[in-house]
Amino acid sequence: MDVRMFIRWSQLALALIIMVIEFICRRVLGTFFSLISLKYFWGSSKYTDEYFEEHENSDMLDLERDTKEMIMSRGYYCEDHFTNTMDGFILGLQRVPYGKTREDGANYTSDGESHSGALVESVGNTPQAPRTPVLIIHGFLQSSETWVCRNNAQNSLPLVLADEGYDVWLGNNRGNKYSCKHMHYSSHDEQYWNYSLDELIMYDLPAMINYVLSKNGSSSLVLIGFSQGTAQSWAALSSNPSLQNKVRLFVALAPVATVKGFSNPLVDSIARSRPDFITLLFGKRAFLPSTMFWRRILPRDFYVNLLDFIIAFLFGWKGECLDQKEKKLLYSHIYSFSSVKAVVHWFQIIYSGKFQMFDETLITSKFPSIHYKYHSTPQYQPSQINTPVAIFYGENDTLPNTTSLLKILPKKMVVEVHKIPKYEHLDFMWAQDCGEIIYPKIVKIMENFKNKCE
(Lines give C-alpha, C1' and ligand atoms only; values in the text may rest on other atoms or scores of the structure.)
Protein backbone atom coordinates (compact mmCIF):
# COMPACT_ATOMS: atom_id res chain seq x y z
CA MET A 1 0.00 0.00 0.00
CA ASP A 2 1.22 3.49 -0.85
CA VAL A 3 2.59 5.29 2.22
CA ARG A 4 0.59 8.43 1.52
CA MET A 5 -2.60 6.42 1.17
CA PHE A 6 -1.87 4.62 4.45
CA ILE A 7 -1.32 7.94 6.25
CA ARG A 8 -4.48 9.37 4.74
CA TRP A 9 -6.67 6.46 5.85
CA SER A 10 -5.03 6.49 9.28
CA GLN A 11 -5.91 10.16 9.65
CA LEU A 12 -9.48 9.47 8.58
CA ALA A 13 -9.80 6.55 11.03
CA LEU A 14 -8.50 8.74 13.87
CA ALA A 15 -10.92 11.48 12.93
CA LEU A 16 -13.85 9.06 12.94
CA ILE A 17 -12.87 7.71 16.35
CA ILE A 18 -12.76 11.26 17.74
CA MET A 19 -16.18 12.04 16.25
CA VAL A 20 -17.68 8.86 17.75
CA ILE A 21 -16.24 9.65 21.19
CA GLU A 22 -17.58 13.20 21.04
CA PHE A 23 -21.00 11.93 19.91
CA ILE A 24 -21.17 9.50 22.83
CA CYS A 25 -20.09 12.19 25.32
CA ARG A 26 -22.70 14.62 24.02
CA ARG A 27 -25.46 12.02 24.22
CA VAL A 28 -24.51 10.98 27.75
CA LEU A 29 -24.26 14.56 29.02
CA GLY A 30 -27.40 15.58 27.15
CA THR A 31 -29.36 12.76 28.77
CA PHE A 32 -27.90 13.61 32.18
CA PHE A 33 -28.96 17.25 32.01
CA SER A 34 -32.38 16.38 30.62
CA LEU A 35 -33.05 14.23 33.69
CA ILE A 36 -31.60 16.57 36.29
CA SER A 37 -32.88 20.10 36.68
CA LEU A 38 -30.27 22.67 35.74
CA LYS A 39 -31.41 24.79 38.66
CA TYR A 40 -30.71 21.86 40.99
CA PHE A 41 -27.35 21.23 39.33
CA TRP A 42 -26.20 24.82 39.61
CA GLY A 43 -27.67 25.12 43.06
CA SER A 44 -24.55 23.52 44.50
CA SER A 45 -22.34 26.12 42.88
CA LYS A 46 -21.90 29.79 43.62
CA TYR A 47 -23.79 30.77 40.43
CA THR A 48 -27.31 30.56 41.84
CA ASP A 49 -30.25 32.85 41.06
CA GLU A 50 -29.47 34.79 44.22
CA TYR A 51 -25.88 35.26 43.08
CA PHE A 52 -26.92 36.70 39.72
CA GLU A 53 -29.49 38.97 41.35
CA GLU A 54 -26.89 40.24 43.79
CA HIS A 55 -24.31 40.73 41.03
CA GLU A 56 -26.61 41.85 38.22
CA ASN A 57 -24.18 44.58 37.16
CA SER A 58 -21.06 42.44 37.42
CA ASP A 59 -18.85 41.14 34.63
CA MET A 60 -20.33 37.66 35.15
CA LEU A 61 -23.47 38.61 33.20
CA ASP A 62 -21.36 39.53 30.17
CA LEU A 63 -20.59 35.85 29.64
CA GLU A 64 -24.08 35.36 28.19
CA ARG A 65 -24.86 38.84 26.86
CA ASP A 66 -25.09 39.49 23.14
CA THR A 67 -23.46 42.39 21.30
CA LYS A 68 -26.23 44.91 21.89
CA GLU A 69 -26.60 43.98 25.55
CA MET A 70 -22.88 44.35 26.22
CA ILE A 71 -22.77 47.73 24.49
CA MET A 72 -25.79 49.09 26.34
CA SER A 73 -24.61 47.72 29.69
CA ARG A 74 -21.59 50.02 29.31
CA GLY A 75 -23.79 53.08 28.91
CA TYR A 76 -23.82 53.36 25.09
CA TYR A 77 -26.81 53.42 22.78
CA CYS A 78 -27.06 50.58 20.25
CA GLU A 79 -29.36 49.65 17.37
CA ASP A 80 -29.94 46.39 15.50
CA HIS A 81 -30.08 46.55 11.70
CA PHE A 82 -30.52 44.02 8.90
CA THR A 83 -29.70 43.95 5.21
CA ASN A 84 -30.13 41.38 2.46
CA THR A 85 -27.44 39.98 0.20
CA MET A 86 -28.06 39.35 -3.49
CA ASP A 87 -28.06 35.59 -2.87
CA GLY A 88 -30.64 35.67 -0.09
CA PHE A 89 -28.81 35.88 3.25
CA ILE A 90 -30.07 38.35 5.86
CA LEU A 91 -27.09 39.97 7.59
CA GLY A 92 -27.30 41.53 11.04
CA LEU A 93 -25.43 44.70 11.97
CA GLN A 94 -25.16 46.62 15.23
CA ARG A 95 -24.87 50.40 15.22
CA VAL A 96 -23.39 52.64 17.90
CA PRO A 97 -24.40 56.06 16.53
CA TYR A 98 -22.74 58.22 19.18
CA GLY A 99 -20.55 58.08 22.25
CA LYS A 100 -21.31 57.60 25.90
CA THR A 101 -20.91 61.32 26.72
CA ARG A 102 -23.63 62.48 24.32
CA GLU A 103 -26.12 64.84 25.89
CA ASP A 104 -29.48 64.23 24.29
CA GLY A 105 -30.15 66.81 21.61
CA ALA A 106 -27.18 69.01 22.57
CA ASN A 107 -24.66 68.05 19.92
CA TYR A 108 -26.35 65.62 17.55
CA THR A 109 -29.75 65.20 15.96
CA SER A 110 -31.34 62.38 14.00
CA ASP A 111 -34.37 62.10 11.78
CA GLY A 112 -36.09 59.50 13.94
CA GLU A 113 -36.80 58.76 17.56
CA SER A 114 -34.89 55.50 17.33
CA HIS A 115 -31.94 57.22 15.61
CA SER A 116 -32.42 54.98 12.59
CA GLY A 117 -31.71 57.69 10.03
CA ALA A 118 -28.70 59.73 9.06
CA LEU A 119 -27.02 61.05 12.19
CA VAL A 120 -25.59 64.49 11.54
CA GLU A 121 -23.41 66.94 13.41
CA SER A 122 -24.94 70.27 14.34
CA VAL A 123 -23.47 73.71 14.74
CA GLY A 124 -26.08 75.74 16.57
CA ASN A 125 -29.28 74.94 14.70
CA THR A 126 -27.56 74.36 11.36
CA PRO A 127 -27.06 70.72 10.42
CA GLN A 128 -23.71 69.90 8.87
CA ALA A 129 -22.37 66.80 7.12
CA PRO A 130 -23.26 63.30 8.36
CA ARG A 131 -20.98 61.86 11.01
CA THR A 132 -18.23 59.75 9.49
CA PRO A 133 -19.42 56.12 9.28
CA VAL A 134 -17.11 53.26 10.28
CA LEU A 135 -17.79 49.62 9.40
CA ILE A 136 -15.89 47.03 11.46
CA ILE A 137 -15.61 43.43 10.22
CA HIS A 138 -14.80 40.49 12.52
CA GLY A 139 -12.42 37.59 11.94
CA PHE A 140 -12.74 33.88 11.14
CA LEU A 141 -15.38 31.91 13.08
CA GLN A 142 -16.34 35.06 14.99
CA SER A 143 -19.11 37.62 15.32
CA SER A 144 -19.40 41.26 16.34
CA GLU A 145 -19.31 40.17 20.00
CA THR A 146 -15.52 39.84 19.87
CA TRP A 147 -15.17 43.62 19.55
CA VAL A 148 -17.17 44.57 22.64
CA CYS A 149 -16.55 41.76 25.18
CA ARG A 150 -14.09 43.84 27.18
CA ASN A 151 -14.35 44.78 30.86
CA ASN A 152 -12.99 48.25 30.10
CA ALA A 153 -14.78 50.19 27.35
CA GLN A 154 -11.51 51.95 26.51
CA ASN A 155 -10.20 48.61 25.25
CA SER A 156 -13.18 48.17 22.91
CA LEU A 157 -12.45 49.75 19.52
CA PRO A 158 -16.10 50.39 18.52
CA LEU A 159 -16.80 52.23 21.77
CA VAL A 160 -13.58 54.22 21.53
CA LEU A 161 -14.52 55.35 18.01
CA ALA A 162 -18.08 56.18 19.10
CA ASP A 163 -16.65 58.44 21.82
CA GLU A 164 -14.46 60.08 19.17
CA GLY A 165 -17.53 61.14 17.22
CA TYR A 166 -17.90 58.36 14.63
CA ASP A 167 -21.04 56.55 13.54
CA VAL A 168 -19.90 52.99 14.27
CA TRP A 169 -21.31 49.87 12.60
CA LEU A 170 -20.42 46.27 13.47
CA GLY A 171 -20.82 43.82 10.60
CA ASN A 172 -21.59 40.09 10.74
CA ASN A 173 -20.86 37.61 7.96
CA ARG A 174 -23.36 35.01 6.83
CA GLY A 175 -23.95 31.98 8.99
CA ASN A 176 -22.92 33.46 12.31
CA LYS A 177 -25.12 34.22 15.30
CA TYR A 178 -26.45 37.52 13.92
CA SER A 179 -26.64 36.59 10.22
CA CYS A 180 -28.25 33.17 10.41
CA LYS A 181 -31.39 33.83 8.33
CA HIS A 182 -31.84 33.09 4.64
CA MET A 183 -34.73 33.91 2.32
CA HIS A 184 -35.04 30.34 1.02
CA TYR A 185 -33.00 27.94 3.18
CA SER A 186 -32.76 27.03 6.85
CA SER A 187 -29.55 26.22 8.69
CA HIS A 188 -30.59 22.55 8.52
CA ASP A 189 -30.21 22.57 4.73
CA GLU A 190 -26.86 21.61 3.24
CA GLN A 191 -27.27 24.29 0.57
CA TYR A 192 -27.42 26.96 3.30
CA TRP A 193 -23.80 26.17 4.21
CA ASN A 194 -22.57 25.98 0.63
CA TYR A 195 -20.41 29.10 0.78
CA SER A 196 -16.70 29.89 0.98
CA LEU A 197 -14.77 33.14 1.35
CA ASP A 198 -15.86 34.04 -2.18
CA GLU A 199 -19.44 34.68 -1.09
CA LEU A 200 -18.31 36.82 1.85
CA ILE A 201 -16.27 38.85 -0.63
CA MET A 202 -18.79 39.11 -3.47
CA TYR A 203 -22.01 39.48 -1.48
CA ASP A 204 -21.63 40.14 2.26
CA LEU A 205 -19.16 43.01 2.37
CA PRO A 206 -20.75 45.00 -0.50
CA ALA A 207 -24.20 44.55 1.06
CA MET A 208 -23.01 45.86 4.44
CA ILE A 209 -21.10 48.80 2.95
CA ASN A 210 -24.06 49.87 0.80
CA TYR A 211 -26.47 49.58 3.71
CA VAL A 212 -24.31 51.64 6.09
CA LEU A 213 -23.89 54.41 3.51
CA SER A 214 -27.61 54.46 2.73
CA LYS A 215 -28.46 54.86 6.42
CA ASN A 216 -25.73 57.34 7.28
CA GLY A 217 -26.08 59.52 4.20
CA SER A 218 -22.35 59.72 3.46
CA SER A 219 -20.77 58.77 0.15
CA SER A 220 -17.89 56.83 1.71
CA LEU A 221 -16.85 55.20 4.97
CA VAL A 222 -13.86 53.96 6.94
CA LEU A 223 -13.51 50.19 6.81
CA ILE A 224 -11.75 48.28 9.63
CA GLY A 225 -11.06 44.57 9.37
CA PHE A 226 -9.47 42.00 11.63
CA SER A 227 -7.80 38.82 10.31
CA GLN A 228 -10.24 37.19 7.86
CA GLY A 229 -12.04 40.54 7.78
CA THR A 230 -8.93 41.97 6.13
CA ALA A 231 -8.73 39.13 3.58
CA GLN A 232 -12.37 39.74 2.77
CA SER A 233 -11.62 43.44 2.30
CA TRP A 234 -8.43 43.01 0.22
CA ALA A 235 -10.32 40.80 -2.19
CA ALA A 236 -13.50 42.88 -2.37
CA LEU A 237 -11.71 46.22 -2.81
CA SER A 238 -9.39 44.88 -5.51
CA SER A 239 -12.02 42.96 -7.48
CA ASN A 240 -15.03 45.26 -7.15
CA PRO A 241 -14.24 48.76 -8.56
CA SER A 242 -17.58 50.14 -7.37
CA LEU A 243 -16.50 49.64 -3.74
CA GLN A 244 -13.24 51.55 -4.00
CA ASN A 245 -14.92 54.96 -4.10
CA LYS A 246 -17.09 53.98 -1.13
CA VAL A 247 -14.15 53.31 1.21
CA ARG A 248 -12.00 56.33 2.01
CA LEU A 249 -9.66 54.40 4.32
CA PHE A 250 -9.07 50.75 5.12
CA VAL A 251 -7.50 49.88 8.50
CA ALA A 252 -6.14 46.33 8.51
CA LEU A 253 -5.55 44.68 11.90
CA ALA A 254 -3.55 41.42 11.86
CA PRO A 255 -3.90 41.44 8.06
CA VAL A 256 -4.19 38.17 6.18
CA ALA A 257 -4.04 37.25 2.50
CA THR A 258 -1.82 34.20 2.29
CA VAL A 259 -0.94 32.40 5.51
CA LYS A 260 2.17 30.61 6.72
CA GLY A 261 0.20 27.64 7.99
CA PHE A 262 0.03 26.03 11.41
CA SER A 263 2.83 25.99 13.97
CA ASN A 264 2.13 22.34 14.76
CA PRO A 265 3.91 20.20 12.12
CA LEU A 266 1.32 17.41 12.12
CA VAL A 267 -1.64 19.74 11.59
CA ASP A 268 0.29 21.75 9.02
CA SER A 269 1.18 18.62 7.05
CA ILE A 270 -2.49 17.58 6.97
CA ALA A 271 -3.48 21.05 5.75
CA ARG A 272 -0.89 20.93 2.99
CA SER A 273 -1.57 17.35 1.91
CA ARG A 274 -5.29 17.33 1.12
CA PRO A 275 -7.50 20.38 1.82
CA ASP A 276 -10.63 18.27 1.31
CA PHE A 277 -9.72 16.22 4.38
CA ILE A 278 -11.67 18.79 6.40
CA THR A 279 -14.82 17.96 4.42
CA LEU A 280 -14.32 14.25 5.09
CA LEU A 281 -13.87 14.99 8.78
CA PHE A 282 -16.58 17.60 9.46
CA GLY A 283 -19.10 17.20 6.65
CA LYS A 284 -20.55 19.98 4.50
CA ARG A 285 -22.51 22.10 6.94
CA ALA A 286 -21.41 24.17 9.96
CA PHE A 287 -17.86 23.87 11.24
CA LEU A 288 -17.62 22.62 14.85
CA PRO A 289 -21.18 23.48 15.91
CA SER A 290 -20.63 21.39 19.06
CA THR A 291 -18.38 24.21 20.34
CA MET A 292 -21.44 25.96 21.75
CA PHE A 293 -22.48 22.78 23.56
CA TRP A 294 -19.08 22.38 25.24
CA ARG A 295 -18.99 26.07 26.08
CA ARG A 296 -22.23 25.68 28.06
CA ILE A 297 -21.32 22.40 29.74
CA LEU A 298 -17.64 22.69 30.65
CA PRO A 299 -16.55 24.58 33.79
CA ARG A 300 -15.30 28.03 32.82
CA ASP A 301 -11.75 27.54 34.04
CA PHE A 302 -11.44 24.22 32.21
CA TYR A 303 -12.89 25.76 29.04
CA VAL A 304 -10.33 28.58 29.18
CA ASN A 305 -7.45 26.16 29.75
CA LEU A 306 -8.68 23.96 26.91
CA LEU A 307 -8.76 26.88 24.46
CA ASP A 308 -5.34 28.04 25.64
CA PHE A 309 -4.01 24.56 24.86
CA ILE A 310 -5.66 24.42 21.42
CA ILE A 311 -4.43 27.89 20.44
CA ALA A 312 -0.89 27.07 21.55
CA PHE A 313 -1.02 23.67 19.84
CA LEU A 314 -2.20 25.05 16.49
CA PHE A 315 -0.48 28.43 16.31
CA GLY A 316 2.13 28.56 19.07
CA TRP A 317 0.56 31.68 20.60
CA LYS A 318 1.17 32.23 24.32
CA GLY A 319 -1.39 34.96 25.03
CA GLU A 320 1.01 36.91 27.22
CA CYS A 321 -0.60 40.24 26.29
CA LEU A 322 -4.04 39.12 27.42
CA ASP A 323 -5.41 39.66 30.91
CA GLN A 324 -5.70 36.17 32.38
CA LYS A 325 -8.65 37.25 34.54
CA GLU A 326 -10.51 38.50 31.46
CA LYS A 327 -10.14 35.29 29.45
CA LYS A 328 -13.39 33.79 30.75
CA LEU A 329 -15.23 36.69 29.15
CA LEU A 330 -13.14 36.80 25.97
CA TYR A 331 -13.31 33.07 25.29
CA SER A 332 -17.05 33.01 25.96
CA HIS A 333 -17.45 35.10 22.80
CA ILE A 334 -14.59 33.80 20.65
CA TYR A 335 -16.65 31.46 18.46
CA SER A 336 -19.58 31.80 16.11
CA PHE A 337 -20.80 29.62 13.24
CA SER A 338 -19.38 29.45 9.74
CA SER A 339 -19.28 26.82 7.01
CA VAL A 340 -16.93 23.88 6.62
CA LYS A 341 -16.46 25.06 3.02
CA ALA A 342 -14.98 28.35 4.28
CA VAL A 343 -12.49 26.35 6.37
CA VAL A 344 -11.61 24.21 3.35
CA HIS A 345 -11.06 27.43 1.38
CA TRP A 346 -8.39 28.52 3.88
CA PHE A 347 -6.78 25.09 3.68
CA GLN A 348 -6.67 25.46 -0.10
CA ILE A 349 -4.90 28.80 0.33
CA ILE A 350 -2.36 27.12 2.63
CA TYR A 351 -1.96 24.25 0.17
CA SER A 352 -1.48 26.44 -2.91
CA GLY A 353 0.34 29.33 -1.23
CA LYS A 354 -1.92 31.66 -3.23
CA PHE A 355 -4.71 34.07 -2.26
CA GLN A 356 -7.15 32.39 -4.61
CA MET A 357 -10.83 31.75 -5.10
CA PHE A 358 -12.34 28.47 -3.95
CA ASP A 359 -11.34 25.58 -6.19
CA GLU A 360 -14.39 23.34 -6.63
CA THR A 361 -12.48 20.80 -8.70
CA LEU A 362 -9.62 20.34 -6.24
CA ILE A 363 -11.83 18.58 -3.69
CA THR A 364 -12.71 15.91 -6.24
CA SER A 365 -9.22 15.45 -7.68
CA LYS A 366 -7.45 12.20 -6.78
CA PHE A 367 -4.07 13.71 -7.62
CA PRO A 368 -3.99 17.32 -6.37
CA SER A 369 -0.35 17.93 -7.24
CA ILE A 370 -0.98 16.98 -10.87
CA HIS A 371 -4.28 18.84 -10.79
CA TYR A 372 -2.51 22.13 -10.03
CA LYS A 373 -0.27 21.73 -13.09
CA TYR A 374 -3.22 21.65 -15.48
CA HIS A 375 -5.77 23.79 -13.69
CA SER A 376 -5.55 27.51 -12.88
CA THR A 377 -7.79 29.00 -10.20
CA PRO A 378 -8.40 32.79 -10.31
CA GLN A 379 -6.49 34.71 -7.66
CA TYR A 380 -7.43 37.84 -5.76
CA GLN A 381 -5.06 40.73 -6.37
CA PRO A 382 -4.38 43.00 -3.35
CA SER A 383 -1.78 44.67 -5.59
CA GLN A 384 -4.67 46.26 -7.50
CA ILE A 385 -6.24 47.91 -4.49
CA ASN A 386 -6.85 51.63 -4.97
CA THR A 387 -7.86 52.55 -1.42
CA PRO A 388 -5.62 54.14 1.25
CA VAL A 389 -4.54 51.46 3.72
CA ALA A 390 -3.16 51.53 7.27
CA ILE A 391 -1.66 48.26 8.48
CA PHE A 392 -1.12 46.98 12.03
CA TYR A 393 0.57 43.61 12.52
CA GLY A 394 2.17 41.77 15.42
CA GLU A 395 5.80 40.86 15.90
CA ASN A 396 4.85 37.43 17.31
CA ASP A 397 1.93 36.67 14.99
CA THR A 398 2.84 33.35 13.37
CA LEU A 399 -0.23 32.98 11.14
CA PRO A 400 -0.29 35.64 8.35
CA ASN A 401 2.42 36.07 5.74
CA THR A 402 2.67 39.81 6.32
CA THR A 403 6.04 40.21 4.61
CA SER A 404 4.64 38.83 1.37
CA LEU A 405 1.54 41.03 1.63
CA LEU A 406 3.55 44.22 2.16
CA LYS A 407 5.62 43.47 -0.94
CA ILE A 408 2.64 43.30 -3.27
CA LEU A 409 0.54 46.19 -1.94
CA PRO A 410 0.94 49.41 -3.97
CA LYS A 411 3.23 51.65 -1.94
CA LYS A 412 1.31 54.81 -2.81
CA MET A 413 -1.80 53.34 -1.15
CA VAL A 414 -0.11 52.29 2.11
CA VAL A 415 -0.33 55.36 4.36
CA GLU A 416 1.10 53.77 7.53
CA VAL A 417 2.51 50.43 8.69
CA HIS A 418 2.84 49.60 12.39
CA LYS A 419 4.66 46.52 13.66
CA ILE A 420 3.64 46.04 17.29
CA PRO A 421 6.26 44.38 19.54
CA LYS A 422 5.19 41.19 21.34
CA TYR A 423 1.71 41.25 19.77
CA GLU A 424 0.12 38.02 18.53
CA HIS A 425 -2.96 37.61 16.36
CA LEU A 426 -5.77 38.11 18.90
CA ASP A 427 -4.02 40.96 20.70
CA PHE A 428 -5.34 43.60 18.30
CA MET A 429 -8.78 43.07 19.81
CA TRP A 430 -8.00 41.71 23.26
CA ALA A 431 -4.59 42.84 24.56
CA GLN A 432 -4.59 44.52 27.95
CA ASP A 433 -2.96 47.62 26.49
CA CYS A 434 -4.56 47.82 23.02
CA GLY A 435 -6.56 50.84 24.20
CA GLU A 436 -3.27 52.61 24.90
CA ILE A 437 -1.01 51.31 22.13
CA ILE A 438 -3.22 50.57 19.09
CA TYR A 439 -6.47 52.51 19.22
CA PRO A 440 -5.04 56.03 19.64
CA LYS A 441 -2.97 55.43 16.50
CA ILE A 442 -6.07 54.30 14.61
CA VAL A 443 -8.00 57.37 15.75
CA LYS A 444 -5.19 59.65 14.65
CA ILE A 445 -5.02 58.08 11.19
CA MET A 446 -8.78 58.24 10.80
CA GLU A 447 -8.83 61.93 11.69
CA ASN A 448 -6.70 62.61 8.63
CA PHE A 449 -9.38 61.06 6.42
CA LYS A 450 -12.43 62.28 8.32
CA ASN A 451 -13.17 65.16 5.96
CA LYS A 452 -12.42 63.28 2.73
CA CYS A 453 -16.07 62.83 1.93
CA GLU A 454 -18.11 64.22 -0.91
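## A guided tour, beginning at helix H20

On the face of helix H20 turned away from its buried side, select the exposed residues Lys444 and Asn448. The model in the viewer is a predicted one. Next, select the buried residues of H20, which spans residues 439–449: Tyr439, Ile442, Val443, Ile445, Met446 and Phe449. These lie on the same side of H20, because they cover an arc of only 165° around the axis. In general, an α-helix has 3.6 residues a turn, so residues three or four places apart point the same way.

**The whole chain**

Zoom out to view the protein chain, which has 20 helices and 12 strands. Of its 454 residues, 52% count as buried. Among contacts between residues at least 6 apart in sequence, 75% join residues at least 24 apart.

**The nonpolar core**

Select Leu135, Ile224 and Trp234 next. Of the 117 residues in the largest nonpolar core, these three touch the most other members. Helix H7 gives the most to this core, with 10 residues. Now centre the view on Ile224. Leaving aside its neighbours within four places in sequence, Ile224 is in contact with Val134, Leu135, Ile136, Ile137, Leu157, Leu161, Phe250, Val251, Leu253, Ile442 and Met446. Two of these contacts, Ile442 and Met446, are among the buried residues of H20.

**Asp198 in helix H7**

Move to helix H7, residues 197–216, and select Asp198. Which side chain of opposite charge is nearest to Asp198? It is Lys341, 7.1 Å away; Asp198 is buried yet has no salt bridge. Not counting residues up to four places away in sequence, Asp198 touches His345, Met357, Phe358 and Tyr380.

**Salt bridges around Arg174**

The count of salt bridges comes to 14. Remain in helix H7 and select Asp204, then add Arg174: the two form a salt bridge, with the closest N and O atoms 2.8 Å apart. This pair links distant parts of the chain, since Asp204 is in H7 and Arg174 in the loop between S7 and S8, 30 residues apart. Asp204 is buried, with a relative accessible area of 0%, and Arg174 counts as buried at 2%.

Add Asp87 to the selection. The side chains of Asp87 and Arg174 also meet in a salt bridge, at 2.7 Å from N to O. Asp87 lies in the loop between strand S1 (79–84) and strand S2 (89–96), and Arg174 in the loop between strand S7 (167–170) and strand S8 (181–182), so the pair ties together parts that are 87 residues apart in sequence. Asp87 is partly exposed, with a relative accessible area of 25%.

**A network of charged residues**

Select Asp62, Arg65 and Arg74, which are linked in a network of salt bridges. Within it, Arg65 pairs with Asp62, the closest N and O atoms being 2.7 Å apart. Both Arg65 and Asp62 are buried.

**Two cysteines**

Select Cys321 and Cys434. Why is there no bond between their sulfur atoms? The sulfur of Cys321 is 9.9 Å from that of Cys434, its closest cysteine sulfur, which is too far for a bond. The count of disulfides comes to zero. Cys321 is buried, with a relative accessible area of 15%, and Cys434 counts as buried at 0%.

**Final stop: Leu266**

Finish at Leu266 in helix H10, residues 265–273. Is Leu266 buried or exposed? Leu266 is exposed, because its relative accessible area is 54%, and the cut-off for exposed is over 50%. Add Leu314 to the view: the C-alpha atoms of Leu266 and Leu314 are separated by 9.5 Å, and the two residues are 48 residues apart along the chain.

Methods
Residues are numbered from 1 along each chain as its sequence is written. This is a predicted model: local features need pLDDT of at least 70, side-chain atom pairs count only at pLDDT 80 or more; totals for chains, interfaces and linings use all residues. Side-chain values use heavy atoms; hydrogens and water are left out. Helices (H or I, at least four residues) and strands (E, at least two) are DSSP runs, numbered from the N terminus. Buried means under 20% relative accessible area, exposed over 50%, partly exposed in between (1.4 Å probe, protein chains only). Lys and Arg count as positive and Asp and Glu as negative; His and the chain ends are not counted. A salt bridge is a side-chain nitrogen of Lys or Arg within 4 Å of a carboxyl oxygen of Asp or Glu. Contact means heavy atoms within 4.5 Å. A nonpolar core is a set of buried Ala, Val, Leu, Ile, Met, Phe, Trp, Tyr and Cys residues joined through side-chain atoms within 4.5 Å. The arc is that of the directions from the helix axis to the C-beta atoms. A disulfide is a pair of cysteine sulfur atoms within 2.5 Å.
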